[in-house]
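Colleague: Could you take me through this model, beginning with one buried residue and moving on to the metal site and the core?

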Amino acid sequence: MTETTTLIRTLPDDAARAGSVAWTIDDGTNAESIRRLALFAAETGTRMTIFPVGSYPGWTEHAELFAPLVESGQIQVGNHTWSHTELTTLTDEQIVDELERNEAHFVGLWGVSTKPYFRPPNGPRDERTDAAAASAGWTRQVMWSGLLAEGPAKGAQELLASVDTEFAPGAVVIGHVNYEAMQEVLPDVLARLTAAGLASVTIRDAFGA
Ligand SMILES: [Zn+2]
């Protein structure tokens, strides 16, 4: 029997009506941004889903800060593969290996499985990659409806302006812990969400299981 794959781009209608959004955080090439994210989450109780890449050392370096947040479910961990290679360039076996290696790494750090949620690096996927991931237990792919403005040449003001355009009720929005700007604006992003009547939930909060 073939496992079926669900593609998630927004939260369910009831969550949207309640003003819920999913603030998600990907990758982790900047270790200081990872550390600041953990401090921010602990201080504010913000519910988020992270898609960490295990080969980036910042997650291991700051793993202890996340442990209680992951254990309580305030921070959900989804799989984003071990080395952030686009799935459509990999064989079925390599796809499973990338997911399983990343899973083993974060289960080792925090004791909680990422299954069945994952996000394909940079987005590329097709029926073959869906089937390969599903065969190993990752049947829910968390795509997105919005993307914060970030990059090596982008600063805090651009990032914050994008909060207002990307977050709407039910939105699934991606930020990254790859650039310095995110370190500074975490409290301001939360303030803007609150002012707009929005509250972040985890993907599990909204979809269960
Ligand atoms: Zn990514």
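Modeller: At 1% relative accessibility, His-80 counts as buried, where buried means under 20% relative accessible area, exposed over 50% and partly exposed in between, with a 1.4 Å probe and protein chains only. This is a predicted model, in which local features need pLDDT of at least 70, side-chain atom pairs count only at pLDDT 80 or more, and totals for chains, interfaces and linings use all residues. Residues are numbered from 1 along each chain as its sequence is written, and side-chain values use heavy atoms, with hydrogens and water left out.

Colleague: Which residues coordinate the zinc ion, and at what distance?

Modeller: Donors are N, O and S atoms within 2.8 Å of the metal (3.2 Å for Na, K and Ca), and water is not among the atoms, so sites may look incomplete. Along the chain the donors follow the spacing D-x52-H-x3-H. The zinc ion is coordinated by Asp-27 (OD), His-80 (NE2) and His-84 (NE2), at 2.1 Å.

Colleague: Is His-84 buried or exposed?

Modeller: The residue is one of the zinc ligands, through NE2. Because its relative accessibility is 16%, His-84 counts as buried.

Colleague: Which element gives the largest share of the largest nonpolar core?

Modeller: A nonpolar core is a set of buried Ala, Val, Leu, Ile, Met, Phe, Trp, Tyr and Cys residues joined through side-chain atoms within 4.5 Å. The largest has 36 residues, and those with the most contacts inside it include Trp-23 and Phe-66. Among the elements giving it two or more residues are strand S2 (20–27) and helix H8 (181–195), helices (H or I, at least four residues) and strands (E, at least two) being DSSP runs numbered from the N terminus. The largest share, six residues, comes from H8.
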